[in-house]
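Welcome, and please have your viewer ready. We will go from stop to stop, with something to select at each one.

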Amino acid sequence: MTSPESSATPPHFLERLQNAGIEPGDSEELRLNKSLLMFATGLVSLATIIWVGIYSILGPQFSVTLPFFLQLLLAGNMLAYIKSKNFEFFRVTQLGLFLFWPFIAQWTAGTIVSTSGVVLWALLAPIGAILCIGVRQSMGWFIAWVTLTFVSAATDWYLADAAISLRADVPIRTTVVFFALNFVAVATIIYLLLRMSIEEKRRMQKGLEDAHRQIQIEQERSEKLLLNILPGTIAERLKNSDKTIADGFADVTVMFADIVNFTQVAANMSPSQVFAMLNRIFSAFDELAESHGLEKIKTIGDAYMVAGGLNEDLSDYSAAVADMAVAMRDLLRRDFAINASHLGVRIGIGTGPIVAGVLGKKKFIYDLWGDTVNIASRITSEGVPGMIQCDTMTYHRLATSFDFHEPQTIYLKGKGNMTVYRLIGRKGATDPDDNY
């Protein structure tokens, strides 16, 4: 009885034979070429054995020297290739055997008719050249097959009368049977080779498409990550150039928001609770920045920085910054699912010229510098919970659309006394809870 292990040996052996000579560094195309030629060699060898057996069963007696010699040449050349790994030599010599051997067999045995069109087998040479070498290189092999076929046909034409006068060694029925068998066998081998080639190329194409799709996914992920760190225009410039990015803007509105008493509240929390608290609040701020068309610049500890006017997409960016400031203040006052610790916020807004750019080569961020940034930061730190303080430039920009409290003078380190204006909200939409 055959064991499961032994029954699995033939396909395993065939697979190893088909993949013989394939190197780890071979390209997919070269792997396919090697497999196809090994597969074709196996099919031709198998067909030669079957043909000799069928001839014997049908009765004709002939020398088996040529078929046996062909088997030795095919097997010997294949073993030499497996040992030497010289695929260039192997495919030329193996295709040469496919091309010349059928004509030799015909010339030694009779005419094209009496040998049942054995020269059809030589067609495997140009077909194999297309699959294993290339379309352009296969032209020479096809011309050689056509030339040899014409030579054989011309020879049979001139020797036809003499051949007919001789008694046929092969019965006509056997000749007819092998005509059909040769057509079917050659067509079958060509079909199997083309099928294998197409299936493998489809598999390779699918692999390339999957790899391309994965690259696209990774690229989109990288793009998304980059756009979460940098403004879109800056990200595009970084991708396309290694030049330093430093831009001057004549008019930008900058806002700082500082969480009040964050250090004291966080002292009684675990690190994960602190992170969760800040993440909820700043994520809500991110959504507000996106909805107002503003650019989040960065977070610094418990401070949040936003700017408007860095791109041309938003014309009234100062008003958008003010609207976002009011929305941030009201969000922390009313949404305790986000602000479970009932934290307050101080906000400062400044308008004026700034310098923006990316510093360094690694772990870079897009940042703003200049007096406008300093003023916005300092008037934030001088505020009280729930207060939105604006500098004079911002006040004049917003006065027609927003309500303000009376101006106040505060002292800023490095700047001296400065007039600030406490923003209430849009005109007609005053928050009754705002008593500043």
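The tour below starts with the whole protein and then visits single elements, residues and cavities.

**The whole protein**

Begin with everything shown as a cartoon, and keep in mind that this is a predicted model. Coloured by secondary structure, the protein shows 14 helices and nine strands. Its chain holds 436 residues, and 42% of them are buried. How much of the contact network links residues far apart along the chain? Among contacts with a separation of 6 or more, 69% join residues 24 or more positions apart.

**Helix 3 and Asn33**

Next, select residues 28-58, which form helix 3. Within helix 3, pick out Asn33. Is Asn33 buried or exposed? Asn33 is buried, because its relative accessibility is 8% and the limit for buried is under 20%. Now show its surroundings: setting aside residues up to four places away in sequence, Asn33 touches Phe87, Arg91, Leu131 and Cys132. Keep Leu131 and Cys132 highlighted, as both return at the next stop as lining residues of a cavity.

**The largest cavity**

The model has two cavities of 30 Å³ or more. The largest has about 60 Å³ of space. To see its wall, select Leu36, Leu37, Ala40, Leu95, Phe98, Leu124, Gly128, Leu131, Cys132 and Leu193. Which helices supply at least two residues each to this lining? They are helix 3, helix 5 (87-109) and helix 6 (124-132). Helix 6 gives the most, with four residues. Colour the lining by residue type and you will find nine nonpolar residues, one polar and no charged.

Stay for a moment on Cys132, which is buried at a relative accessible area of 3%. Another cysteine to select is Cys390, also buried, at 0%. If you look for disulfides in the model, the count is zero.

**The second largest cavity**

Move along the chain to a cavity of about 30 Å³. Select Gly293, Glu295, Ala307, Gly308, Gly309, Leu310, Asn311 and Leu314, which line this second largest cavity. Its lining divides into three nonpolar residues, four polar and one charged. Leave Ala307 and Leu310 visible, since both are among the contacts of the residue we select next.

**Strand 5 and Leu368**

Select residues 366-369, which make up strand 5, and find Leu368 there. Leu368 has a relative accessible area of 4%, so it counts as buried. What does Leu368 contact, apart from its neighbours within four places in sequence? Its partners are Val254, Ile297, Met305, Ala307, Leu310, Ile354, Val355, Ala356 and Val373. Try the distance tool on one of them: the C-alpha atoms of Leu368 and Met305 are 9.8 Å apart, while the two residues are separated by 63 residues in sequence.

**Helix 12 and Arg333**

Now select residues 317-334, the 18 residues of helix 12. At 1.5 Å a residue, helix 12 should span 26 Å, and its end C-alpha atoms are indeed 26 Å apart. Of its residues, 14 of the 18 are buried, so helix 12 is largely enclosed by the rest of the structure.

Click on Arg333, which sits in this helix. Arg333 is partly exposed, with a relative accessible area of 24%. From its C-alpha, draw a line to that of Val345: the distance is 9.2 Å, and the pair is 12 residues apart in sequence.

**Two loop residues with positive phi**

For the last stops, go to the loops. His342 is in the loop between helix 12 and strand 4 (344-358). Its phi is near 55°, a positive value in a residue other than glycine. Is His342 buried or exposed? At 53% relative accessibility His342 counts as exposed, because the limit for that class is over 50%.

Finish at Asn261, in the loop between strand 1 (246-260) and helix 10 (262-266). Asn261 too is not a glycine, and its phi is positive at about 60°. With a relative accessibility of 47%, Asn261 counts as partly exposed.

Notes. Residues are numbered from 1 along each chain as its sequence is written. This is a predicted model: local features need pLDDT of at least 70, side-chain atom pairs count only at pLDDT 80 or more; totals for chains, interfaces and linings use all residues. Side-chain values use heavy atoms; hydrogens and water are left out. On a 1 Å grid over the protein atoms alone, a cavity is a set of points where a 1.4 Å probe fits but cannot get out, and a pocket is an open set with protein on both sides within 12 Å along at least five of seven lines; lining residues have an atom within 4 Å of a point. Grid points are joined across faces, edges and corners, and a volume is the space filled by probe spheres set on the points. Ala, Val, Leu, Ile, Met, Phe, Trp, Tyr, Cys and Pro count as nonpolar, Asp, Glu, Lys and Arg as charged, and the others, Gly among them, as polar. A disulfide is a pair of cysteine sulfur atoms within 2.5 Å. Buried means under 20% relative accessible area, exposed over 50%, partly exposed in between (1.4 Å probe, protein chains only). The expected span of a helix is 1.5 Å times one less than its number of residues. Contact means heavy atoms within 4.5 Å.
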